[in-house]
Amino acid sequence: MSGLSADEASLLATFQKRQEGMLERKKKRGFSCVSPWVSEWFVVSTEYIVSFVSRTNGQVQLCVCLSAVTSVEPDVKAGTFRLRYAPQIGKSPCDAAAVELVLKAPNEEDARQWVTAITQAQERRRRDSTFVPFSFVQERLFASQQVNGELRARLAGADAEILQAGKSASQADTKAR
């Protein structure tokens, strides 16, 4: 993060902040002799909740847009929480029956952290209506304009030095003849 001020670095860290880790997802139906829970790697980003087979496997198992999430309800005693979302983006949550995911964290504290992370990501998404927060873009644009001005001034100074060096070399060459 070189070249960023402390405030910019803080904004970028907040923007990039995401919760990730192993959770168990309750399968809708399963055989009675097999566990109804499947372990998957989940990531809560600025736009989506995504699950993968594992941390190293890039195969997406599930991808839910945060704007489609209608509720996140903790049941921290069991270390589980329920996430409900509209199955089709562009539809009102009441247009179709919501899909419910039941997720289990390793412990109650982790379950609370997941619920908080999802809730905060939803809030950031509501507050910053685009993928890149406008306030972040404004600050970066202002900083870039300042750097641009400084670089132009340095370039003008370097051009003047090169011109002066060329004149000196030409004068030295003329004297040497």
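Here are some worked exercises on the predicted model above.

Some ground rules: residues are numbered from 1 along each chain as its sequence is written. In this predicted model, local features need pLDDT of at least 70 and side-chain atom pairs count only at pLDDT 80 or more, while totals for chains, interfaces and linings use all residues, and side-chain values use heavy atoms, with hydrogens and water left out.

**Exercise 1. Find where confidence is lowest and where it is highest in the chain.**

Step 1: recall that pLDDT is the predictor's confidence in each residue, from 0 to 100. The chain averages 81, and 81% of the residues score at least 70.

Step 2: go through the elements, which are DSSP runs numbered from the N terminus (helices: H or I, at least four residues; strands: E, at least two). Helix H1 (residues 6-16) comes out lowest, with a mean of 67, and S2 tops the chain at 92.

**Exercise 2. Work out the strand order of the open sheet.**

Step 1: list the elements. There are three helices and seven strands, and along the sequence they read α-β-β-β-β-β-β-β-α-α.

Step 2: pair the strands, which takes at least two DSSP bridges between them. You get S4-S3-S2-S1-S7-S6-S5, with antiparallel pairing. S4 (60-65) and S5 (69-75) sit at the edges, each pairing on one side only.

Step 3: check one pair. S2 (residues 37-44) and S3 (residues 48-52) are joined by four bridges, and Val43 has Val50 in S3 as its bridge partner.

**Exercise 3. Which strands do the salt bridges Arg25-Glu40 and Arg84-Glu73 link?**

Step 1: apply the rule, a side-chain nitrogen of Lys or Arg within 4 Å of a carboxyl oxygen of Asp or Glu. The count is six.

Step 2: take Arg25 and Glu40, whose closest N and O atoms are 2.6 Å apart. Arg25 lies in strand S1 and Glu40 in strand S2, so this pair ties together parts 15 residues apart in sequence. Both residues are buried (buried is under 20% relative accessible area, exposed over 50%, partly exposed in between; 1.4 Å probe, protein chains only).

Step 3: turn to Arg84 and Glu73, at 2.8 Å, N to O. Arg84 is in strand S6 (residues 80-85) and Glu73 in strand S5, eleven residues apart. Arg84 counts as partly exposed at 23% relative accessibility, and Glu73 is partly exposed at 36%.

Step 4: follow the links outward. Glu73 and Arg84 belong to a salt-bridge network that includes Arg82 and Glu100.
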